[in-house]
Amino acid sequence: MKLKDRLSLYFTLISTLTLLAVLCAVYFTFIKFLEADFFERLTDRTMVTAKLYLEADEISADSLNTVRNQYLKTLNGEVIRIYNSKNRATFIGDDQQYWSHETIEKVRKNKKIQFIDGDRQVVGIFYKDNQGDFVILASGIDQSTHLRIDKLQKIMVMIFVFIFIGLLLSGRWIAKKILKPLDRFIDEVKQIKSSNLHFRVQEGNNKDEISLLAQNFNNLMEHLEQAFVLQKTFIANASHELRTPVTRMMIAAEITLSQERQIEDYKKALLSVMEDSEKMDNIITGLLNLAQADLEFGAPELQEIRIDESLWAISEEWNKKESGKLLVDIKNMPEDPAELLIKANPTLFGIALNNIISNAFKFSDHQDVHCLLDIQEKETIISIQDKGPGIPEAIQEEIFKPFYSFSAKTGHEGSGMGLYMAHKIITLFKGTLTVQSRKGHGARFILRFPKP
């Protein structure tokens, strides 16, 4: 069953049950009201009977006639009995006993009773008079109430049927209206194929669950698109970049094995193979790190890290293995440690910084690298300055592309993945990575993280 049908059904059932409960409450309240009203009329009947038959000698003939005309309109199926102290019918011409001695004694004991006997309603009172103690019982059939109840039943059934149909139709219309954005969302999702992963569904202006679902779906599509792009980039670039060193290795091996050679020639061939193997290892490492970066980005939670502690830890690691030193300075050191916190993934943040620092040491031939942490009011800035040859302005935008390497100097070669990964990771953490450089004056890489 479709969601809109279920919503319509549930809405109709709940509304119908509520309506049924209200109608039943009105029905039974109306019955009790009419029943109580008829009991009141029977009570008045017993009191009037007592006045007419037991105290007729104490009132005038005019008053007696007035009372008779006002109160003695015969009820449907009316039966009235007056019983004396011996429980015998008296005063009324019809001396049939009608009610049992047990009922009469119950009236004497309780002074007043009222009960239902089949279709009849009965009222009994105990009345003291100068002529003795009497029990008066009156009963009747409330035929008008039965007619009203029958009409009320028919009216309520008709109302119930009409309202049920109205609720069913209106419930389906409301469900269709509410779920219209969901239908649009489903239709748009059906259009998504592997060839158009850039497509995004409409999120709408309403801040409801369907809009939230569309937002989360678009976020998922963004991650999937990145994953597909990564896969295509990985395959295309890996096949392109690995083909050259593999080809050189094969050619060198074929030439070396084509004839007998001196030991020195074999050594040179093996050294060439080792160089190409190292290049392949660097390329593979870069590609795997890039894949790891995208996988880590899929994790929904980031951690708060102390950026100064991270820099000191990285500096300690680099100063153990490099001839040059990584010098870290802090500007505008805040009194509140919370000002030093940023939200990031520690592993990826370390990869990004290490890639930039590695480039700085490599291109400056392992001279000292300066890192400045500047804590400002609205953002946190990290500057990494090297003493290398600098980066020409014309290619500064290219260095952040995958597999781009602009230096052919021995010892400066690389896979071209380090700065690309660093830029990608910093961007994922809502930061920016830029470079300032002039040829022959080194390069300064600037990382900016906005404060929340």
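What percentage of the 452 residues of the protein count as buried?

## Overall picture

In this predicted model, 37% of the 452 residues of the protein count as buried. The secondary structure comes to ten helices and twelve strands, and among the contacts with a separation of 6 or more, 65% are made by residues that lie 24 or more positions apart.

The accessible surface of the protein comes to about 27700 Å², and carbon and sulfur atoms account for 57% of that area.

## An open sheet of five strands

Five of the strands form an open sheet with antiparallel pairing, and their order across the sheet is β2-β1-β5-β4-β3. The edges of this sheet are taken by β2, which covers residues 89-90, and by β3, which covers residues 112-117; each has a single partner strand, so one side of each is left without a neighbour in the sheet.

At one of these edges, strand β1, made of residues 79-83, is joined to β2 by two bridges, and the two strands run antiparallel. Within this part of the sheet, I82 stands opposite T90 in β2.

## Aromatic pairs

Searching the whole structure finds five aromatic pairs. One of them is formed by Y27 and F28, whose ring centres are 5.3 Å apart; their planes meet at 80°, over the 60 degrees that the edge-to-face class requires, so the pair is edge-to-face.

The two partners of this pair can also be described by their accessibility: Y27 has a relative accessible area of 14% and is therefore buried, whereas F28, with a relative accessible area of 52%, is exposed.

Terms used. Residues are numbered from 1 along each chain as its sequence is written. This is a predicted model: local features need pLDDT of at least 70, side-chain atom pairs count only at pLDDT 80 or more; totals for chains, interfaces and linings use all residues. Side-chain values use heavy atoms; hydrogens and water are left out. Helices (H or I, at least four residues) and strands (E, at least two) are DSSP runs, numbered from the N terminus. Buried means under 20% relative accessible area, exposed over 50%, partly exposed in between (1.4 Å probe, protein chains only). Contact means heavy atoms within 4.5 Å. Accessible areas come from the Shrake-Rupley method with a 1.4 Å probe; for residues, only the protein chains shown count as cover. Rings of Phe, Tyr and Trp (its six-membered ring) pair if their centres lie within 6.5 Å; planes under 30 degrees apart count as stacked, over 60 as edge-to-face and the rest as tilted. Two strands pair if DSSP finds at least two bridges between them.
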